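Reader: I am new to this structure and would like to look closely at one part of it, with enough of the surroundings described that I can place that part. Could you take me through it slowly?

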Amino acid sequence: MHDADLAAKLTPLLGEFLPRQRWFGNDVPPGSDAVTITFLEVQRKDPLLVWLVVETNQTRGRPAALYQLVVGGRPADGGHSFLQGKERVTLGEAEGMVLYDALVDPELALDVLAAVAPDEEAEVARPLLVEQSNTSVVYDERLILKFFRRLHPEPNPDVEINRVLNERGFPHVVSQRAELRRDGVDLAVVRDYQLASTDAWQLAQTSLRDLLNSRLPPGEAGGDFGPDAFTLGEVTAALHAELAGVYGVTPGQPEVWLEQMLTLLTRVYEGVPERDRVEQMLRRLVEVRDPGTAIRVHGDLHLGQLLLADSGWFILDFEGEPARPMAERTLPSSPLRDVAGMIRSFHYAAQSALVDRGRDIDTELGDLADEWEDRAATAFWRGYRSVPDAAALLPGEEGDQQSLLTAYELDKAVYEVDYELAHRPSWLDIPVSAIERILQKAA
Amino acid sequence: MPMPTPIDPSDERWYQRAVFYEVAVRGFYDSDADGFGDFAGLTERLDYLEWLGVDCLWLLPFFQSPLRDGGYDISDFLTVLPESGTLDDAAAFLEEAHRRGMRVIADMVMNHTSDQHPWFVESRQDRTNPKADWYVWGDDNERWSEARGIFLDSEPSNWTWEPQREQYYWHRFFHHQPDLNYDNPEVAGAMVDVVRFWLQLGLDGFRLDAVPYLYERDGTNGENLPETHDYLRHIRKTVDAEFPGRVLLAEANQWPADVVDYFGAGDECHMCFHFPLMPRMFMAVRKEQRHPITEILSQTPAVPDGCQWGIFLRNHDELTLEMVTADERDYMYSEYATDPRMKINLGIRRRLFPLLDNDERKAELFHALLFSMPGSPVMYYGDEIGMGDNIYLGDRDGVRTPMQWSPDRNAGFSKADFAQLYLPPLMDPVYGYASVNVEAQRRDPSSFLHWLKRILEIRRQHPVLAVGELEVLHAENPSVLAYLRRSPAGPETDAAGKDTGQTEAVGARLVEAVDETQGQDMVLCVHNLSRFPQPCELMLEQLAGKVPIELTGRVPFPRIGQLPYFVTLAPYGFYWFELIDQSEDEVGGTP
């Protein structure tokens, strides 16, 4: 098969395949002109390996976008038992070959590693099947490949920040072993894999499980999350101090921040009465005497981005909120934006534990979950402010700090409404009730 | 009962696979009705210990002593405390233990003596007597202020004034326990002679008490000094030359990176206690998360060839919290010492079962961890039947009450009058001897005691649990702790599944010690640290094709394939799987 034939075979299959992938954010109407394929590399061997970028056309108001994938191919009559139960990542058959996402092929996944990190050797590949905006493969329980799906012409901040923080010896990011870039576009990175690590979301759920069963005050329950939350505050503060050192510190610009918040608000709540109340509150909250500083921040910090490994806590994923434009993600922002992200995440953790147990059954549980959240948020905030270099970045007065923090919490909750509407409508109540609560508390 | 197998003197590395049982002679069995356990009593109860399946007894100090610190204040190293018997009794006990294949080590207090030891009685008289330099004297009490105090609750300073001699003497522990002066070659020599004396009598080794503190030097905290290590090497050399196969077990309550120094290059102590692991097991189970355990394991350096960790759940001391951070200590206190009376020094003076809320499932889990993590497990007498404690007794006596043999008078421990007993046995409704005793549990086939005996048998059949390498496995669920124990560098253990033929060297000796008929032993251990059922997916692709055999029932589990291996665990449940190569047609049945 020539490249042109291959492209002709793949295009209709991709039209079916792409919308099934969670990392795919565009619409592809059926039809062969929906996507444009560019081959980065084609290895005509057994198994076949095709590395490609697809460009989706602009559809229904969504801009054109680039996505990366590797397609594997093996004879349809055998040798692909690893595809069992993985229909979602199978493209289909063409010319006696079964075609699939090559990252699930233990052999081809090693070829991908060799292309990204020629200096690393591995023997066993284990694709992580948890679907996120990117795809990861673990090698020998020692290395992890992060294969970017949505590609951007700008440098990927996840790659850049991780590298820069490595160079500065910052202890809370994993070591980046190799990067793959073509024409300035970041395609993949290979990092150290933290064996037997757990993200803070799971740890928080463990803590809440203990709490809701023991029904003790959160500070007395064995699974108390307070000390962990304090440490997370310290780690976040250390990150901010480091980022301020690398990317510099500028005076805070509340009017710019407000503008960003209102843009999002308008998009999400257009025509909804809540919109006005939230807008008034945001306007009031950002009117502070001292806005503190603006620095480069993580931008999408939540419990799932913090990993506890045997060697300590690691911060993951510096890509920023995927729903925001890349250019906006790298703009300086108040450090309180990340703090608000964590405080919202504590709320999500507590509410999600309650939902699991049926929160309407028992009001005592709701009170306990609220106490858990307060305790975690307070401990986090204490931990954060215990790091002088980070505390110096905040507004000087506590009232201003609280005011801006509340504004960012509100902003984050609006973002969550947007996300839940698109992905998990049954969770919508969590951010909606949070907005009501924040409005009442701040009023 | 099978015929006893006497100990094999050619097995010089027995301690790497042994299960230790810590026991107070005074507290085990009283043969002469004086209210005090003795060697003759201990000898009478060797049947029980053999039945249980322990390999080595560790005797708490049984030497002549005023007993102001549980016998760790020795006033004559070469005499048995009269209440516990005579030297002849001790020798007869050792002979009887050896005949049953059991070894015996004893506590040896190197650092200090009682203030009633004749050496100190002489030394304190004036500054010129022949023993004047046998202890550490000083004109002021300011020196070595960097040294930390151990008994914080009772000793304000490490110096105490001696009016006769008009000088201060140095003591790391209680003021009635003056530190010996190892800079004096006569002292160093005299203590080697003490070691020789007991090995000559038949002891199989020593647990060296408080070993980091032997020397003092200006500008240091006096712990882990090079001089101390030099002296330990000297002792080891003597033991190896004159008494091969005997063991030195160091009590060095330090971080793993410092403790490994007591192994030296395999030329100091054979064994060291792993102190920081123990509190982290309690933390992990209380938090229902494996991280406290995996974190400390990852910080634990490999031990030199021929060495082994000693690991334990509880012992005769407080549950020591010196090797945890201040936050972790607060956590442990709030979770495990709800009554302030339970705290002492930097620790918690409670026994295992009360710490675990008397929950047998939890106790089984803790023992499963103890018997499968790297190291030789050290049990504490009474924990095998779930004895409790008495926090109203002074110091650490609450965890040192008499062994509970039966529901009879004085727990079957002694025929003396109750008031004569060295400590009162427990009589409360939950842990008292009426309900918790050996006799009842031996009759009850589903008792904890029977479970423990069974699990010890299993451990004995799988030496890889003692000497194999540890490989922590990834499990998404933080409440699950899974690891593989396997002998190093064998043909089947190579990650690629290729035969590398590296069974030589270290491997060869281990494989030999392991089951010869099956070649490589490999055990997969999966533990649920939570009180709720938990699912767990294990990534075992590199072991694809092997069949896990659950070790308590020998039930084969589904063969490991390419997909994640899925197991579900009951609350506090655990599995130990032997991983074997078994072809499809080898599955049992009549031909």
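**A helix and its surroundings**

Author: In this predicted model, the buried residues of α4(A) are covered by elements of chain A that include β12 (198–199), α5 (226–247), β15 (306–309), α9 (336–357) and α10 (363–385). The helix beneath that cover, α4 of chain A, takes in residues 200–214, and because its 15 residues should span 21 Å at 1.5 Å a residue, the 21 Å that separates its end C-alpha atoms agrees with the expectation. Since 11 of those 15 residues are buried, α4(A) is largely enclosed by the rest of the structure. The buried positions begin with Ala200(A) and then Gln202(A), Leu203(A), Ala204(A), Gln205(A), Thr206(A), Ser207(A) and Leu208(A), and they go on with Asp210(A), Leu211(A) and Leu212(A). After the helix comes Arg215(A), a residue whose phi is positive, near 55°.

From there one can turn to where chain A meets its partner, a contact to which chain A gives 21 residues and chain B gives 24 residues. On the side of chain B that touches chain A, the elements that contribute two or more residues are α9 (277–287), α10 (291–298) and α11 (326–336) of chain B. By kind, the residues on that side of chain B divide into eight nonpolar, nine polar and seven charged.

Chain B as a whole contains 17 helices and 24 strands, and its C-alpha atoms fill a box of roughly 85 × 55 × 50 Å along the principal axes. Because a compact globule of 591 residues would have a radius of gyration near 25 Å, the 24 Å found for chain B agrees with that picture. Of the 591 residues of chain B, 51% count as buried, and among its contacts with a separation of 6 or more, 69% join residues 24 or more positions apart.

One of the smaller arrangements to follow in chain B is an open sheet of three strands in the order β6-β8-β7, with antiparallel pairing. Here β6 (137–138) and β7 (159–162) of chain B stand at the edges with a single partner strand each, so one side of each is left without a neighbour in the sheet. Four bridges join β7(B) to the antiparallel strand β8(B), residues 167–170, and within β8(B) it is Tyr169(B) that serves as the bridge partner of Thr160(B).

Conventions. Residues are numbered from 1 along each chain as its sequence is written. Chains are lettered from A and ligands numbered from 1 in the order in which they are written. This is a predicted model: local features need pLDDT of at least 70, side-chain atom pairs count only at pLDDT 80 or more; totals for chains, interfaces and linings use all residues. The radius of gyration is taken over C-alpha atoms; the globule rule is 2.2 Å times the number of residues to the power 0.38. A residue is buried if 20 or more other C-beta atoms lie within 10 Å of its own, exposed if 12 or fewer, and partly exposed in between; C-beta atoms are placed from the backbone. Two residues are in contact if their C-beta atoms, placed from the backbone, lie within 7 Å. The expected span of a helix is 1.5 Å times one less than its number of residues. Ala, Val, Leu, Ile, Met, Phe, Trp, Tyr, Cys and Pro count as nonpolar, Asp, Glu, Lys and Arg as charged, and the others, Gly among them, as polar. Two strands pair if DSSP finds at least two bridges between them.
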